[in-house]
Amino acid sequence: MLIPAAKRLQQVEEYYFSIKLKEIRAMRAKGHDVVNIGIGSPDLAPAPQAIQALLETATRSDVHGYQSYVGIPELRQAMSEWYQQTYSVTHQADGEVLPLMGSKEGIMHISMTFLNAGDGVLVPNPGYLTYSSVSRLLNAKIHTYELDEANNWEPNWQQLGKLASQNIKLMWVNYPNMPTGANSSLSLFEKLIAFGKKNNILIINDNPYSLILNKQPQSIFQCADAKEVALELNSLSKSHNMAGWRVGMVTGRSDYLQNILKVKSNMDSGMFLGVQKAAIQALRHTPPEWHHQQNDIYRQRRALAWQIMDTLNCIYDKKQVGLFVWAKIPDHIADVK
């Protein structure tokens with residue numbers, strides 16, 4: 001006898017890269033030399049200060065119990081300081097910064113906080129698949145908006161204007177963009193905030209790539225009045241090579257974050273103190289030279305990716321930033337897996 005899964009699973013599939021990584025493992029098990037240019041998974045170590053903080057904390061006998069659902073005050077303060085240092089944005093450590101066990105989990109927390117069944121969600125195309133899958137799990141109604149290649153992959157504003165009347169509650173944006181590599185700009189963020197205010201839509205900028213191959217990191221909160229209608233997700237996964245450590249944050253108005261906490265506190269039991277201490281060291285004491293070295297490595301790897309694209313006669317833009325190279329396959333290739 002098979003116990004059936006919940007009906008909500010009929011609307012989603014296993015995560016795309018989960019499937020692809022299994023396929024790659026199977027090919028390698030058969031002796032194939034597979035070059036994985038798919039998922040952006042940092043394979044370099046964090047700064048030594050972060051690793052040392054984890055080691056020192058983990059050896060203590062008094063740190064292995066449950067931790068606070070909002071992180072220790074020192075972590076929130078470090079995140080607040082990092083936002084000020086990186087983006088010249090002020091967030092109150094007490095109330096406007098909520099640590100997360102990865103920003104991907106934050107997508108679920110935010111969606112569960114604000115979406116009722118049937119509420120409309122604006123999701124970019126192309127875009128991160130999790131925005132859609134989480135919305136489906138919550139029985140929200142997905143409205144896909146196109147990104148305009150001719151306008152630096154900004155949203156199609158004419159299409160957005162038409163979609164705004166469809167009971168839209170929440171809009172996902174992601175700049176610097178994955179997968180197109182389009183950079184953010186203050187004018188883009190200002191248009192997004194104006195759109196959110198005009199239509200009473202919560203704008204969430206997913207912002208984990210701003211320190212990768214990008215000379216001018218930006219935040220949506222550099223816009224005036226952004227806190228009225230915006231939240232921002234950020235992460236140490238890409239910026240500090242801590243993808244497997246699961247450290248992220250959501251920033252914004254304290255009342256928004258307090259509601260998110262109602263969901264989060266029922267889904268996890270706090271972040272291990274050693275990871276919190278490591279994150280503090282990474283945020284406060286990773287020197288600029290370390291980031292420069294990481295970007296030098298990414299620059300070299302990107303050049304190799306460009307060579308692969310050239311070999312395949314793909315079209316791509318060398319002004320892309322972030323961890324990805326977005327390329328167009330030649331028209332005569334009918335199937336890309």
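In this predicted model, the largest nonpolar core holds 49 residues, and those that touch the most other members are L75, L122, Y145, M171, F195, I203 and L236. In soluble globular proteins, nonpolar side chains tend to be buried together. Several elements each supply two or more residues to this core, namely helix 3, strand 3 (141–148), helix 6 (157–163), strand 5 (168–173), helix 7 (186–199), helix 8 (226–229) and helix 11. Among these contributors, helix 11 gives the most, with seven residues.

One of the core members just named, Y145, can be followed through its neighbours: leaving aside residues up to four places away in sequence, Y145 touches L122, V123, P124, N125, P155, Q159, L160, L163, M171, W172 and V173. Apart from the largest core lies another one, of 27 residues, which includes L115, V121, V123 and L257.

Two of the contributing helices also meet each other, and their arrangement can be described in a few steps. Two packed helices are described by the angle between their axes and the distance between the axes. For helix 3 (residues 73–87) and helix 11 (residues 273–285), the axes come within 9 Å and cross at roughly 25°. Angles under 35 degrees count as roughly parallel, and helix 3 and helix 11 are therefore roughly parallel to each other. The crossing in which helix 3 passes helix 11 is left-handed.

Where the two helices touch, helix 3 brings E74, L75, Q77, A78, M79, E81 and W82, which meet Q276, K277, A279, I280, L283 and R284 in helix 11. Sorted by character, the residues of this contact comprise seven nonpolar, two polar and four charged.

Technical notes
Residues are numbered from 1 along each chain as its sequence is written. This is a predicted model: local features need pLDDT of at least 70, side-chain atom pairs count only at pLDDT 80 or more; totals for chains, interfaces and linings use all residues. Side-chain values use heavy atoms; hydrogens and water are left out. Axes are lines fitted to C-alpha atoms, for helices over the stretch in contact, and angles run from 0 to 180 degrees between N-to-C directions. Helices (H or I, at least four residues) and strands (E, at least two) are DSSP runs, numbered from the N terminus. Angles under 35 degrees count as roughly parallel, over 145 as roughly antiparallel, 65 to 115 as roughly perpendicular and the rest as oblique. A crossing is left-handed if the near helix is turned anticlockwise from the far one by less than a right angle, and right-handed if clockwise. Contact means heavy atoms within 4.5 Å. Ala, Val, Leu, Ile, Met, Phe, Trp, Tyr, Cys and Pro count as nonpolar, Asp, Glu, Lys and Arg as charged, and the others, Gly among them, as polar. A nonpolar core is a set of buried Ala, Val, Leu, Ile, Met, Phe, Trp, Tyr and Cys residues joined through side-chain atoms within 4.5 Å. Buried means under 20% relative accessible area, exposed over 50%, partly exposed in between (1.4 Å probe, protein chains only).
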